[in-house]
Each structure stands twice: as structure tokens, then as C-alpha cells.
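Welcome! Let's walk through a protein together, one question at a time.

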Amino acid sequence: MMDAPSPVGKPKKGGSSKEEEEDPWAEEKGRDHKGGCSCPHPLPPIPPRLCPHHCAPFPGKPKKPGGKKWEPDEDEWDPPEEKTSECPCAMGQGHPAVGRCPSPPLSPGCPPIGLESHRIEDDQLLASSMLRHGLGAQRGRLNMQAGPNEDDFFDGAWCAEDDSRTHWLEVDTRRTTKFTGVITQGRDSQIHEDFVTSFYVGFSNDSQNWVMYTNGYEEMKFYGNVDKDTPVLTQFPEPMVARYIRIYPQTWNGSLCLRLEVLGCPLSTVSSYYSQNEVTSTDNLDFRHHSYKDMRQLMKVVNEECPSITRIYNIGKSSRGLKIYAMEISDNPGEHETGEPEFRYTAGLHGNEVLGRELLLLLMQFLCKEFQDGNPRVRSLVTETRIHLVPSLNPDGYELAREAGSELGNWALGHWTEEGYDLFENFPDLASALWAAEDRKLVPHKFPNHHIPIPEHYLAEDATVAVETRAVMAWMDKNPFVLGANLQGGEKLVSYPFDTARPVSETPTPDHAIFRWLAISYASAHLTMSETFRGGCHTQDVTDAMGIVQGAKWHPRAGSMNDFSYLHTNCLELSIYLGCDKFPHESELQQEWENNKESLLTFMEQVHRGIKGLVTDPQGEPIANATIVVGGINHNIRTGRARGRLWGRLWGRLWGRLWGRVLAAPCPLPSHGTVSPHCLQPAVGITGAS
């Protein structure tokens, strides 16, 4: 399997392994796609054994019983086709003086073994030395981010203690692995420009005797990075089979610092001494990354398969003209029903955080399929809730990140919109306005503590507001959402409001206990989110071993989507950070679906907790825009309006205030049909409460 080992500490020259090994990840060649499997939508040639993971989720011709067929607009802007060009140099082997080829997207070969995603644990990483404790081997993960204070215990790379060329970074896969390449990156830093420009690679089965990768005559030098941020893919001309792999930096810019991911296919199971959860989903869903066109096609397939419970619509367009699609799932799609709460999941606020996008596409398929199969839990959820799923709020950013591909976009590529906005924190800062009014004793009689209006300057045409943000705010105002979550990436935890930090004092919301309950409902049902003993993705655990944290204590920022939703609408919104790897490899989607499936369902079910019913006048007529005040809670709620009809819906915002005294209702309706939010009377009837 390998050449004869060399003495310890002295790498041996030898030929690279050419022994043929079965590759469970590589595509079969020379096979015709026809006859392999039947996909209801166009796909590139796929080997038959991969069909269950690549076909649309519903085999056979889509059913069309009733229901309106959805067709995307023909005049919609489409992302440009990927361009390919011939490159005269082999990847990672160009000369710095001549230049090198750009890294192509990962081929269908071996996937990342999991340094970035933390599937490779800290004790599987070893180094010859470290510059100091905050720059140890465990910091040498691809896209590792430095802590808020550089030069502390959580710096942005592995760095060797001196400039010797004998230093190395080692990874133990704990099993026999076919290594096909590595991805290298420099140090994350605002101060230093440290990155490795060339390196050797060694392999071992026992971590004592090492064989170097050669070209048949001498040790092969691979060329690495030209800056500290951009990941560079180096693919080995021939794979090597071993358990351990080492990188030996030879030249570098600044200090010897490195971040790394390794590409490899497992050829044996993990030793029983080590525990490792590896789950294969039993759900027959479409486990792959979806381009914008693929996303539209999959949503269309789901709609055609389940037309009686699904509806596709868009909430607006991106700055490049891509429609922001949403799918509604309900027993009466297109209609708001009295007594049925509205729930939303959104994803893709940052285009390079793609796991949420794929999870919502999987959730669409799952709900449709399980509803048809008669799953009582799913049927209850669909018939009693109006569910809205928006998989891509920033489609422009996603297309940019997708061009680089999984693992090869840096931490920020595609994060912002085309116009340069961070959508999550592009909303009006209503929290600061509320606190200023509280300090002046203006709340609630002169300044409301709920449904705070959007400042006029923010609505001006020349305001620094993304078109996507305007679309989301209009969507929030149009639909009376009760509960929602936005799916993000780069960390593994649930964050709840406030995200804005209040000067001097703490910043809990009046509904702090409710938010904590909601956050725990997701984190505790997740297979790994509450396993915080390993620490956070980039620093120590900030969740007190629970997998949840208030945003202002972790990552304070003003104008967040969560704070806006809480202060401007009746909707409680949280952020769910799904994992350390923003753009996980396609091979990891099954595991991530299993990690999150129960959490996604459990969190949706929380919309039914607490009191619900109608607020009526003495004649029993529903009242719109009625202000509800509960003793001891300094945040009111308001009943809603639907399709011009007045509804007095009171939803589970009383979860933590069950049987609290309803202290107020609106004044008599004026002729224009609105109610002053500050006019309080003794409570009128609440009918249908449960």
C-alpha cells in the first residue's frame, strides 16, 4: 500500500502510490445514464448507484390533481453559465514567477474529511511546535477565525515557533484513508500577512515512519497560497493510502502559519476505540447543492407533487433581478385562516451560508412526502399551521459563492449582497430608539413598546437599504407571522434577541424567558448542538453548555432582523447557526439533515403553545389592531387584519404569561378603521382561547 518506511524524523523519498483502490465517491465512467434511474427533471449524467441522492424526491411522473401549476417567469434574469478554460499547469504545481491556475470547484472525487466542520476533533491534530498557545495545531483548520482580540488564546491559524523547514502539521484520520488532495489557507488576521507558499506532503500508517509524496525521482513540491485569505486546492496526481498525513511547509510569507483542509475517502471504519456518529438518512430526498435554476426546478416538482398543500410565490427581487422565492405549505394555501398561526423559516441572508438553503429545500420535500404518506405529525402540522419557507434571501450572494464552490470560497465570498449589504443587520435600529424613549419616561404613553414604526428616513429612496431588505420588511408587514427563525452558518448555536447591546445595562427582552424556551426547543432536539464540551467553532463555548445565547452577549450588533421583527411586528424571530462550515460538502448533507430534522419540526410546533383566540367587542365582533397588555410584561401585542377583514387574533405571545390578566382593548373603531395603540379600556371578550 505504501513504500517502505523511512527512519523516524527523516522523510524518505519514494514514488507515490499507484495501487488501484475502489473509490466510493468517484463517478463511474463509461456508463450511460439511461436506464440507471428516472429523474423527473433534467440533470447531468449520473451513475445509477447515485440516483437516490441526485434525482428529484418523487420518482415517476409528477401528479397534477387539481391545483394550479406554477411556471417561473420567462423574462427572469438567469445566472450566467459557468465558463471553463484550459489551464496549462497542473493544479498546485505552477511556479510563482509564472503564475498558477485558479482553483477549480471540487470534483466528484473524495470529499473533505472535516477539519473545518470539526468532524476531525482537536486531539486528531498535532504539530511539531507552536509559536504560542493560541496558535496551536487545533487552530490550523480551514476558515478558522481569530478571536476578537488577536494574540490571545484563539488566534487564526497554526503557527510554528521558528523559521525552520522541518516543522509540520499532522492529521490523524483514525482509519485507512485514500488521500487525494489538500486545501491550504493563510492566517486569519487584521495585522499579519502570514501564509505558506510551498510545501511537501508526507504519509504514515503509524505516525512514526513517514513516506514523502514524490514524482518518481524526488520529493514533489506543491505550491500554496498567494494571500492569507483565499483557499487554494492542491490535488495529488495519484492518491495515497494511509492513516496519517503531514504538511511540511518549505517557504512562506511572514511567519510560518497555516490553515488546512484534507480531501480523503475512508477505506475502513473508525477504530472502535473512538466514537464517531456517522448517519445515513433513510429519507429519499434530493441531497445535493442546488443552483438558482435547480432550486426553482425542485420547488416546482414539490408543488406539482403536492398542489393541494403548496403554493410558490415570491417576496421581491434581488439587486440583480433574481426573484426571492417562497413556498407556502398549508391545507389551504394562499388563504389566511382564522385560528391558524403563520410561521416562517428563512435562509440565505448571507449567500455563502448554504446549509440552511438546502435544509429548507429538504424540508419542503419531506413535508410533502410525509403528508402524502399519512404521517400524523406532519399532517397535524400542515393542517393547523400556515408555513412559509424562503430558502434564499440573498440569491446573488449564493451564486457568487457557488462559483468558487464548497471549501474554496473564503470566509466572506458571497456573504454580502451584490450592493455590499449584510442583510441580517440592515434593518432599522428600533431597539436604540425604544431605550432612548424609556430613559425619558415616554414609554408606553408617548412612545409605543411594540409595533414601533419604521423611521421615515429609513424609507427614503436614497436610504442605504438593500432592495432585499425592503422586500423582507414588506413581507413581514403583509403576513401576520407569530414565530420564525433565520438559518445561518459559521457557528453552532441558537441566538435570540436582543442583538443590540444597551449601553451600561443588560439587554434582555421583556420576553426573555420565552425566547430562551424557544432556543432550547431547537438546540436540545438537535443531535449535536448541545454537545458544547468541545468548545465553539472558533473560540470557547459561549452558551453555558446549552447551545443557546443572547445575541448581544455573543455578537452585539444594531439593526438585526431579529430585533426588528420583535419590535415592529408580533413575530418572535431567532437565528439558528447550523455549523462551523458555512458551505459543507455535498457528501455531508445527509448527516446535516438528520442532525436538524427533529429540531426543524419541534421548533415549528412551538407556534401552537399558549393562548390563542379572538378578541371581540361586546357584540361579539372581532376587533382588528387591538392592543393587548399583560401585567408584568412591558411589551404589548396587537391583533391583526387579514384581507381587509378585521380579525382579533391573539396568538401564543402569552406563552410565558399564561393566564396573565389582559388589561386592555382598543377604543371604539373610528370611521377609518384604525385603532390608537395607546387607548386602553377594560378587556373585552377573548373567544376561542385555548
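Here is a short conversation about this structure.

This is a predicted model, in which local features need pLDDT of at least 70, side-chain atom pairs count only at pLDDT 80 or more, and totals for chains, interfaces and linings use all residues. Residues are numbered from 1 along each chain as its sequence is written, and side-chain values use heavy atoms, with hydrogens and water left out.

Me: How many helices and strands does the protein have?
Reply: Helices (H or I, at least four residues) and strands (E, at least two) are DSSP runs, numbered from the N terminus. On that basis, the secondary structure comes to 12 helices and 23 strands.

Me: What percentage of the protein's residues count as buried?
Reply: Buried means under 20% relative accessible area, exposed over 50%, and partly exposed in between, with a 1.4 Å probe and protein chains only. Of the 690 residues, the buried share is 57%.

Me: Which residues of helix α6 are buried, and why do they line one face?
Reply: Helix α6 covers residues 430-439, and its buried residues are Leu-430, Ala-431, Leu-434, Trp-435 and Ala-437. Looking down the axis of α6, they fall within an arc of 160° (taken from the directions from the helix axis to the C-beta atoms), so they line one face of the helix. An α-helix has 3.6 residues a turn, so residues three or four places apart point the same way. To name them again, the buried residues are Leu-430, Ala-431, Leu-434, Trp-435 and Ala-437.

Me: Which residue caps the N-terminal end of α6?
Reply: Look for a side-chain oxygen 3.5 Å from the backbone nitrogen of Ala-431. That oxygen belongs to Asp-429.

Me: Is Lys-441, in the loop between α6 and α7, buried or exposed?
Reply: Lys-441 comes just after α6, and its phi is near 60°, a positive value in a residue other than glycine. Its relative accessibility is 74%, so Lys-441 counts as exposed.

Me: Where does the cis peptide bond to Pro-444 start?
Reply: Pro-444 also lies in the loop between α6 and α7 (456-459). The bond to Pro-444 has omega near 5°, and the residue at its start is Val-443.

Me: Which residue shares a polar contact of 2.9 Å with the side chain of Arg-187?
Reply: Arg-187 sits in the loop between β3 (169-185) and β4 (195-204), and at 3% relative accessibility it counts as buried. A polar contact is a pair of N or O atoms within 3.5 Å; within protein, one must be able to donate a hydrogen and the other to accept it, and residues adjacent in sequence count only if both atoms are side-chain atoms. The partner side chain belongs to Asp-155.

Me: How far apart in space are Asn-143 and Gly-186?
Reply: Asn-143 lies in the loop between β1 (125-127) and β2 (158-159), and it is buried, with a relative accessible area of 4%. Asn-143 and Gly-186 are 43 residues apart in sequence, and from C-alpha to C-alpha their separation in space is 9.1 Å.

Me: Which residue follows Pro-497 across a cis peptide bond?
Reply: Omega of this bond is about 0°. The residue asked for is in the loop between β14 (491-496) and α9 (512-525). It is Phe-498.
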